[in-house]
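Welcome! Let's look at this structure together and ask what lies behind the labels.

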Amino acid sequence: MATQQLEQIAANKSFGGWHKRFRHHSDVLDCDMIFGVYIPPQAETQPVPVLWWLSGLTCNDENFLQKAGAQRLAAELGIMIVCPDTSPRGTDFPGEHDSYDFGSGAGFYVNATQKPWSSHYRMYDYVTEELPALVKANFPVSEQESISGHSMGGHGALICALKQPGRYASVSAFAPIANPIACPWGEKAFSNYLGADQAGWIEYDACELVLNGKSKQELFVDQGEADNFLAEQLKPDRLEKACHIQGVPLILRRQPDYDHSYFFIATFIDDHLRYHARYLGLID
């Protein structure tokens, strides 16, 4: 991994640090990928912890760093933010670009097992193994890391943490797809990526992972009550029930009048950054 070449394709000074974009070849996904990173000013003199941000359907590496307004506080706290893309790119399978909720921009952070997707759509391994190794080899980062995300990326953040207890210092999510095996978005993606046997789906479902009792890590979730996808796709009540059954600590904040957009994320992103900073030992 460490021998992979990074091609810098953009750099913007921001709050004393840098927002940069890089292209590299992914061996795991067998295609070229782009990721974004905010490098805080503290990284010039010392290793800093990483917050992984996983974005939602139709997004790429740019949405969060351009819309969330996270750089100011990340610079103050000394947190590097890394934003992967949301799917492989340039593969052009039949039907890959036909809908917003499957294929390009919709990798769902799973390792696909069904052809043709299994040859490229291995986003779980990409965001938990390959990209972290690449970041550690090329940036001044400490061993500490946390993870967060929105919608499909909120689902991704939750499953990454729940599948690897102790890996991330903290985990949070905005409007996550909490029970994908029981919602239209998840059913469509999982049936195509993972096949008809739903036994293989549960390892990528936050509710099911909580219920299996493997992790007792606290979860922090913000959910807008005016979110158009709340009842049909997101189902935070099911996550709340699963956490209650297993005694998993859950901070579930229901925010009146907020929707699914980056206006919602930008409003509460500072709360999430401070939450992660406490677990990363940056603030009391």
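Q: Why is aspartate 85 called buried or exposed?
A: Buried means under 20% relative accessible area, exposed over 50%, and partly exposed in between (1.4 Å probe, protein chains only). Aspartate 85 has a relative accessible area of 4%, so aspartate 85 is buried. A note on the source: this is a predicted model, where local features need pLDDT of at least 70, side-chain atom pairs count only at pLDDT 80 or more, and totals for chains, interfaces and linings use all residues. Residues are numbered from 1 along each chain as its sequence is written, and side-chain values use heavy atoms, with hydrogens and water left out.

Q: What makes aspartate 85 and arginine 89 a salt bridge?
A: The term asks for a side-chain nitrogen of Lys or Arg within 4 Å of a carboxyl oxygen of Asp or Glu. Here the closest N and O atoms are 2.8 Å apart, and the pair forms a salt bridge. Arginine 89, at 30% relative accessibility, counts as partly exposed.

Q: How do you know that glutamate 203 forms a salt bridge with lysine 163?
A: Their closest N and O atoms are 3.3 Å apart, and the limit is 4 Å. Glutamate 203 is partly exposed, with a relative accessible area of 37%, whereas lysine 163 is buried at 16%.

Q: What makes arginine 254 partly exposed?
A: Its relative accessibility is 34%, which falls between the 20% and 50% limits. Arginine 254 also forms a salt bridge with aspartate 237, the closest N and O atoms being 2.8 Å apart.

Q: How many salt bridges does the structure hold?
A: There are 14. Those that share partners join Arg21, Asp61 and Glu62 into one network.
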